[in-house]
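Work through the exercises below with the sequence and the coordinates open, and try each task before reading its solution.

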Amino acid sequence: MLFEHRQASRRKTVQSCALLLSCATLVAFPVGAGPAHGGSGLPPGIEIDFQGQLRLSANGAQEFDGPVTVRWRESLIQADRLSIRDERHVEAEGNVLIVWPGGRIIGSRLHYDLETERGEFEEASGQVLSEFQFRADRVEKIGPDLIRLRSATVTTCTQPTPYWSFAISSATIRVDGYARMWNVRIRAGKLPVIYLPYLVWPVKEGRALGLLLPEIHDSAERGRVFSQALFIPLGRSADLTLEGRYYTRAGLGMGGQFRWKPNNSGDVVTDGFYIDDKIDGVGRYRASHQQTQEFLNGFRMIADVNLVSDPQFYTDFEREFNLISSPTVLTRLEFVRNGRWTSLNVRELRRETLSAELVQSTLPEIEWRGRSRRLGKSPLYLSFESSLASIRQTDELKDFEADYFRADLAPVLSLSWSPTAWLDVTPRVRYRLTHYTQSLGEPGTDGRRPAVDESLTRQLLAYGVDVVGPKFFRIFDTKSHTRYKHTIEAQASYVFEPTFDEARDIILLDSDVDSVNSSGGGDRIAYGVVQRFFKRRPRARVASDSAVSNVVWADTRGQAVPVPSDSERNASGAAVEPVAPEQERPSEPFEIATLELRQQRVLDGEISRADLDGDTIEETTSSSSPIQLVGRYNPGPAASLDVRGSWDILYRRIADASLSAEVRNELARLRLSVFHRAGLGFQDVDPEPEVTSIRRRAGSTQVRL
């Protein structure tokens, strides 16, 4: 058929050449005729590649019936059918694509003026620069770098359902400039979040100067709060955010955050806030500096410096729960180096307890740790912890001061043994040697114990065994070919620690070293049941760039806009978006849920006590601890649920419970926490009231106005 068509075309061309030139009513080209250049009724400089037929209409327009590509100046147009009239006016339909430096638009129909570079799309979608994407009922290209949208949705996300998007009635977008949008409905997924009558959004490769979304909330003590921030880019590697915050009762406060990336392996963040508090009549402030830096010799520096004017500042002016609930201000400078087996940490630390006026510091502390490592070909494994620290502690309320040196060494030797596939047994022996150059002396008349220059050495030899098993599991296959695994395993451990008679004479700094064996030695047993749920998921996607063949259409700024090649067309020959084929991706299991029940028991003492009658201090004791429940559910990266609680075995009721849930995406984050404490202490000695509290924590990404 193709051969006959070509032969017929040649005969028609030879026999009717004079008639065609005089009437210009029909010219038929063979399929795949190739490019047409200026000089045949087309403007100079234009190039056209087409497959199909070219006709000259009655009004003089050239009609290309078949896939056609038009190159003009720095723009490219592709369509299933296209006509050019008066050497400038283009009418195209069917899989229409236009690409120019900085953007592309795909639609069903196009009216375009080559000379003015103005045109109109129907039912179109497109992209400006590398991130800004849109879908609209109508798109107008009103200049070389200006676009107008009608009834559109815009986003910078690439998901089929974007994490966030803007639904707008109209917008004007300037390439490498700003998008000015009207009647904006901000959505998180498909859920509307906020409405703005007008919004200006930067459409640039880099960051842009602009206002962030304002915040309005209430403070019980300081009144209603109005906050507005201004984002200022300071080059490619630094930026500054200035914030003004007005409290209806406390007055106006000012703050800011400076971010800087000095090199590829370093980050600096410095921020602060100051307010002349009208309620207290004094100036109040906070400041912080965080910095990380990796060095060529393998060390990594971590600096975290925090300053605050008074203990109540966080409660009065901050909304982050981590800051509000923290009773301490921590300042530290660390140099860390991790090796194949060991890690070295050199730190200077200062911890200030705001409520007690207690200041603790190490100047410096050197810590050397060794991870569990097999000793040769034997079944034995060795791990250890060791540290040297110069410590200083002062407490103005208790008139206490200590300045001493501490050395600690704690090796652990363990044996890994699995007699069967469903049982793991790990016996271990731990030795701890700690030396202090000062200790607590005899109490004075006020009952306080000062620090005295009497050295103290603690030696502890503990041993125990961990047993995991029996273990059961079952694998479930669903209709969607998703595999789930449910495991149930019993856990038990036994630990013996000797009694250290001078444990109460140790000056306490941290629980990892000083509090070991502070409650006395003895035999302890812990046991529980753990259920875990796993789901298989593919690993991170890996795309082969070499598998995608496309021509690069360079713009005036030296950037590249991909232009579809012949291999990137659909069945009709029209251009389609290139898709990189995925490599074979192995799957991996990840834990989506855990449910654990556990309890402890001492063999020669009591760890639980209760005042059951409520009117005397006579206590009922037990050698078993409360029963604890821990549950976690993580269906994916966008949500998590954590449930914890304990059942008091003497009162036979819930002692405490908590539930924390978090939902997050690229636009916002919401965390809700509920805590309940029953208050089961001795009511006439140390009463604990029953407390139920609800905490909400919300955050969002920075959105410029």
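**Exercise 1. Locate P364 and P470 among the strands, and describe the peptide bond that precedes each of these residues.**

Solution. Begin with P364, which is placed in strand β24 (residues 358-374), where strands (E, at least two residues) and helices (H or I, at least four residues) are DSSP runs numbered from the N terminus. The peptide bond from L363 to P364 is cis, with omega near -15°. Next take P470, whose place is in strand β31 (residues 456-477); the bond that leads to P470 from G469 is also cis, with omega near 0°. As background, most peptide bonds are trans.
The model is predicted, so that local features need pLDDT of at least 70 and side-chain atom pairs count only at pLDDT 80 or more, while totals for chains, interfaces and linings use all residues. Residues are numbered from 1 along each chain as its sequence is written, and side-chain values use heavy atoms, with hydrogens and water left out.

**Exercise 2. Where does R73 lie, and what is the sign of its phi?**

Solution. First, R73 is in the loop between β4 (62-72) and β5 (75-85). Second, its phi is near 55°, a positive value in a residue other than glycine. For comparison, most residues other than glycine have a negative phi. Third, consider the surroundings: β4 and β5 run antiparallel and are joined by nine bridges, two strands being paired if DSSP finds at least two bridges between them. The bridge partner of W72 in β5 is S75, and the hairpin of β4 and β5 has two residues between the strands. On its other pairing, β4 is joined by four bridges to strand β2 (residues 47-50), again antiparallel, with E47 opposite R71. Finally, examine exposure: eight of the eleven residues of β4 are buried (under 20% relative accessible area, with exposed meaning over 50% and partly exposed in between, for a 1.4 Å probe and protein chains only), whereas R73 is partly exposed at 46%.

**Exercise 3. Is E123 buried or exposed, and which strand holds it?**

Solution. E123 is found in strand β8 (residues 118-128), and its phi is near 50°, a positive value in a residue other than glycine. With a relative accessibility of 62%, E123 counts as exposed.

**Exercise 4. Which aromatic residues form one cluster, and how are the rings of F313 and its partners arranged?**

Solution. The search of the whole structure yields ten aromatic pairs, where rings of Phe, Tyr and Trp (its six-membered ring) pair if their centres lie within 6.5 Å, with planes under 30 degrees apart counted as stacked, over 60 as edge-to-face and the rest as tilted. Start from F313 and Y314, an edge-to-face pair at 6.2 Å centre to centre with 75° between the planes. F313 also pairs with F317 in a tilted arrangement, at 5.1 Å centre to centre and 40° between the planes. Being four residues apart in helix α3 (residues 313-317), F313 and F317 are separated by about one helical turn. As to accessibility, F313 is buried at 0% and Y314 is buried at 7%, and F317 is likewise buried. Assembling the cluster then gives Y247, F273, F313, Y314 and F317.
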